[in-house]
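Here are my notes on the model you sent over. I've kept them as numbered points so you can reply to each in turn.

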Amino acid sequence: MAWRCSGRTNAQLIANMSTGGIIHSERVTKAMKAVDRANYVPVREDAYEDSPQPIGHGATISAPHMHAYAAEHLLPYLKPGARVLDVGSGSGYLVAVLHGLVGPGGQVVGIDHIPELVSTSIENLKKDGKGEALDRGEIKMITGDGRQGYAADGPYDAIHVGAAAPTVPEALIDQLAKPGRMFIPVGSFLQYIEQIDKDEHGNIHREKIMGVRYVPLTDRESQLELAI
């Protein structure tokens, strides 16, 4: 059903994902309606297509239904005051959605190793009315190696990873709160979403959710080679 969710407007796109059984929660519906995808894609005419789109530097913005799946799976940990890390934050779109789910009092940290993407994501967020959230530190955009996470603001109640890792980086597991949850694509040729839960005692439970196809979570030089 996911590929049928494209719409002519942001509201129609989200309504189609609800009708298609991808969005179940009113909280996710509200958060996604408050973020206009047209502010985060290079070609505004394609903003409401339910498909991944290139954003330059070998990166993409994921299809809207994958962002919806991520929000729904992480939702139990996206409460007011929660701390969230978005690895491979790219355009900044999901950072904005997650910000809407952890306020008031929460913080979302986006990290990407391409400085130009981080700069563009900040401009995107400002276009979308999130400038005050940036000024208050409720949203923080960092240039760095997302495979190492961002320990300075951890631990995180929820971690989203927007590119596929061959194996789950231990640094990200370490930075999960107790309890906490990660939503991460794993694999090289064959990929799947893995949901990783850490309980209050630090025990880890892993569950494969669905098959996917993501760009690789890699170093800056290798990613830039994808853009050539």
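**Notes on the pocket, helices and strands**

1. Let's start with the largest pocket. At least two lining residues come from each of these elements: strand S2 (59-61), helix H3 (64-74), strand S3 (83-87), H4, strand S4 (107-112) and strand S9 (204-212). The biggest contributor is H3, with four residues in the lining. Keep in mind throughout that this is a predicted model.

2. How much space lies in the largest pocket? About 510 Å³. The lining counts 39 residues, and those closest to the pocket centre are Thr60, Ser62, Gly162, Tyr214 and Val215. If you're thinking about the chemistry of the wall, the split by class is 18 nonpolar, 16 polar and five charged residues.

3. Now H4, one of the elements that supply the pocket lining. This helix covers residues 93-102, and nine of its ten residues are buried, so the rest of the structure largely encloses it. The buried set is Tyr93, Leu94, Val95, Ala96, Val97, Leu98, His99, Leu101 and Val102.

4. On to leucine 117, which sits in helix H5 (residues 115-127). Is leucine 117 buried or exposed? Its relative accessibility is 3%, and the cut-off for buried is under 20%, so leucine 117 counts as buried. Threonine 167 is 50 residues away from leucine 117 along the chain, and 24 Å separates their C-alpha atoms.

5. Strand S8 (residues 191-198) deserves a look too. Seven of its eight residues are buried, which means that S8 is largely enclosed by the rest of the structure. S8 pairs with strand S7 (residues 176-186) in an antiparallel arrangement, through seven bridges. It also pairs with S9, again antiparallel, over eight bridges.

6. For checking the register, here are two cross-strand positions. On the S7 side, phenylalanine 183 faces glutamine 195 of S8 across the pairing. On the S9 side, glutamate 194 stands opposite lysine 208.

7. Last, the two hairpins. Which residue takes a positive phi in the hairpin of S7 and S8? That would be glycine 187, with phi near 125°, in a hairpin that has four residues between the strands. The hairpin of S8 and S9 has five residues between the strands, and there glycine 202 takes a positive phi near 90°. S9 also brings us back to point 1, since this strand supplies at least two residues of the pocket lining.

Note on methods
Residues are numbered from 1 along each chain as its sequence is written. This is a predicted model: local features need pLDDT of at least 70, side-chain atom pairs count only at pLDDT 80 or more; totals for chains, interfaces and linings use all residues. Side-chain values use heavy atoms; hydrogens and water are left out. Buried means under 20% relative accessible area, exposed over 50%, partly exposed in between (1.4 Å probe, protein chains only). On a 1 Å grid over the protein atoms alone, a cavity is a set of points where a 1.4 Å probe fits but cannot get out, and a pocket is an open set with protein on both sides within 12 Å along at least five of seven lines; lining residues have an atom within 4 Å of a point. Grid points are joined across faces, edges and corners, and a volume is the space filled by probe spheres set on the points. Ala, Val, Leu, Ile, Met, Phe, Trp, Tyr, Cys and Pro count as nonpolar, Asp, Glu, Lys and Arg as charged, and the others, Gly among them, as polar. Two strands pair if DSSP finds at least two bridges between them.
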